Amino acid sequence: MPILSVEHLTHVYSQGTPFEKTAVRDVSLSINQGELVGIIGHTGSGKSTFLQHLNGLLKPTAGKVFLDGEDIHGSRDMLHSVRFRVGLVFQYPEYQLFEETVFRDIAFGPGNMGLAAEEIRERVLEAAAFVGVDEGWMELSPLELSGGQKRRVAIAGVIAMRPAVLILDEPTAGLDPAGRESILQNILDYRRRTGATVLLVSHSMDDVARLADRLVVFHNGAVVMDGAPAQVFDRAEELKEMGLTVPAATEIALALRQRGIDIPESIYTTKYLQKLLLSLWESAGGEG
Amino acid sequence: MTESIIQMEGLRFAYPDSERSAVAGVDLQIARGSFVAVLGHNGSGKSTLSKLMNGILVPTEGRVLVNGVDTRDESRLLEVRRTVGMVFQNPDNQIVASVVEDDVAFAPENLGVEPAEIRQRVDEALQRVGMYAFRLHAPHLLSGGQKQRVAIAGVLAMRPDCIILDEPTAMLDPIGRREVLGAVRELRRGRGMTVVLITHHMEECIYADRLIVMSGGRVEMDGTPRQVFSQVEKLRGLGLTVPETVSLLDGLNRSGILPAPLPLDALTVAECADAVADVFRRREKK
């Protein structure tokens, strides 16, 4: 059974005013337990509006969202629990740190769940460890940390609620390659150890191509593609027309095909392209 | 007029309360009219270096000369700032007015430029970054890439000799990035503007004349992008990646299966594909 399912979701901002805008239009989608889904779409494609429905931050203009089969707007209790079961990490979450110490900031979410102090403490330390927040930072003010460290604290604050679904809106934006890689690995670790479902919004096609089991592409408020990375990047030309990029490996593979090298299938990671080229080389005649 | 527009000598800088020097001994000259990219991971000192180049920060040791003017000379700071304009990472922090053209006019107004001349400079600057059609729009309703281009126009309207862009695309989506990089490359046409681009995106450096790699407050590598990116090991050692094109070529070379190593300076997708296709073609002929 899918953990999350969305049926005919439509969201209209400022309905009935001259500024009325349909941000999401009739989207239906199911997310399976444990999946890692990459969400792609350029700014204004509706993906952020869509995601904010998944933990009840926005109420659909039409349509329904189900978590574990239950309508999230079905009851007040349900809506309350959804906030903890579906954790949402916004873009640049470091701007939302507000507590006096790192510990208290991470503890804010679990605190709202009404947990005992000891349990909160355990969760804070566990979440901190997941994302590489040093224990020595716990009593520091978040303001004393660097941008990358603050980002980790903010993510820990969501993880500390132990959400079954973790949604991250561009968790690596603005970080350097080493910082990017380390945060992505932390997210993968969290998923591996908890079996959580992860939805990852990213502008980096190379990252989503490498990590996701499935990609969902938003365009003009609708889902226009939904499938395995290979299927989606097979439609490189369409993606480009939508103003999206494709992984560098897909571009190189296209260029090689134009130069008469017989690359049989869709390519979206450099490692795989390399493997394929080497096997082509060997199968076509050994030493050369 | 000297050949180099910015000259850094024995440069060191430490932030107050920090024992570590953010810039720890840099000697560099930026040639007039060149397009220089500065690459480095967070904390490498690249942003600090850029702020030293237009007197936002003054050196703890050593000196920076901008058009021959020492940035420590407070009486001539305005001159330094007019020569070297700066664009920052977050477009939202750089826009002050509620109409695009007023925002672009802000700096020349402060410099006491005549109104007719301001009009001309504003129009020209907006045209150069492709934002003229938006001159009467409200900046807060623009996309990130558009806002950042307005910020660039605001600097252009001061008519600086040199423009420094400190991670101008870090907060933008791919479309915004493309727009801003297009505008940056456009800056070099005609007037011989010096452009310094601070970034941690490898791909953005490909079109620079010169690529400087910073680490631990020092210049670790300095050369053309081709020279720098072909040193895959060294870059990785500094915690940086190489463009996917180079990574593929390097991986193929490492396999030891190909008869001869592929050139690691094939940076663009087309060059990379040419290099690979060439090896395959040559074998077919045999």
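**Exercise 1. Determine whether Glu179(B) is buried or exposed, and describe its surroundings.**

Solution. Step 1: Glu179(B) is buried, because 22 other C-beta atoms lie within 10 Å. The term has fixed cut-offs: a residue is buried if 20 or more other C-beta atoms lie within 10 Å of its own, exposed if 12 or fewer, and partly exposed in between, with C-beta atoms placed from the backbone.

The structure is a predicted model, in which local features need pLDDT of at least 70 and side-chain atom pairs count only at pLDDT 80 or more, whereas totals for chains, interfaces and linings use all residues. Residues are numbered from 1 along each chain as its sequence is written, while chains are lettered from A and ligands numbered from 1 in the order in which they are written.

Step 2: Glu179(B) belongs to helix 6 (residues 174-187) of chain B. Helices (H or I, at least four residues) and strands (E, at least two) are DSSP runs, numbered from the N terminus.

Step 3: Leaving aside residues up to four places away in sequence, Glu179(B) touches Gly145(B) and Arg149(B). Here, contact requires that the C-beta atoms of two residues, placed from the backbone, lie within 7 Å.

Step 4: From C-alpha to C-alpha, Glu179(B) and Thr83(B) are 25 Å apart in space, and 96 residues apart in sequence.

**Exercise 2. State the strand order of the six-stranded open sheet of chain B, and identify what packs on the sheet.**

Solution. Step 1: The order is 6-7-8-3-9-10, and the pairing is mixed. Two strands pair if DSSP finds at least two bridges between them.

Step 2: Strand 6 (84-87) and strand 10 (218-223) of chain B each have a single partner strand and stand at the edges, so one side of each lacks a neighbour in the sheet. From one strand to the next, the twist averages 20 degrees.

Step 3: Strand 3 (residues 35-39) and strand 9 (residues 210-215) of chain B run parallel and are joined by four bridges. Within this pair, Arg210(B) of strand 9 is the bridge partner of Val36(B).

Step 4: Helix 5 (residues 144-156) of chain B packs on the sheet and touches strand 6 and strand 7 (162-166) of chain B. The direction of helix 5 makes about 165 degrees with that of strand 6 of chain B. Axes are lines fitted to C-alpha atoms, for helices over the stretch in contact, and angles run from 0 to 180 degrees between N-to-C directions.

**Exercise 3. Establish how far strand 3 of chain A is enclosed, and which strands pair with it.**

Solution. Step 1: Strand 3 (residues 36-40) of chain A has four of its five residues buried, so the rest of the structure largely encloses it.

Step 2: Strand 8 (residues 197-201) of chain A pairs with strand 3 in the parallel sense over four bridges. In this pairing, Leu199(A) is the bridge partner of Val37(A).

Step 3: Strand 9 (residues 214-219) of chain A also pairs with strand 3 in the parallel sense, over four bridges. There, Gly38(A) stands opposite Leu215(A).

**Exercise 4. List buried residues of helix 3 of chain A and name elements that cover them.**

Solution. Step 1: In helix 3 (residues 102-112) of chain A, the buried residues include Val102(A), Phe103(A), Asp105(A), Ile106(A), Ala107(A), Gly109(A) and Pro110(A).

Step 2: Their cover includes helix 4 (117-130) and helix 5 (147-159) of chain A.

Step 3: Just after helix 3 of chain A, Gly114(A) takes a positive phi of about 75 degrees.

**Exercise 5. Describe the side of chain A that touches chain B, by element and by residue class.**

Solution. Step 1: Chain A has 31 residues in contact with 32 residues of chain B.

Step 2: The elements giving two or more residues to this side of chain A are helix 6 (177-194), helix 10 (248-258) and helix 11 (270-283) of chain A. Helix 11 of chain A gives the most, with seven residues.

Step 3: By class, this side of chain A has 14 nonpolar, 12 polar and five charged residues. Ala, Val, Leu, Ile, Met, Phe, Trp, Tyr, Cys and Pro count as nonpolar, Asp, Glu, Lys and Arg as charged, and the others, Gly among them, as polar.

**Exercise 6. Give the secondary structure and the buried share of each chain.**

Solution. Step 1: Chain A comprises 11 helices and 10 strands, and 44% of its 288 residues count as buried.

Step 2: Chain B has 10 helices and 10 strands, and 46% of its 286 residues count as buried.
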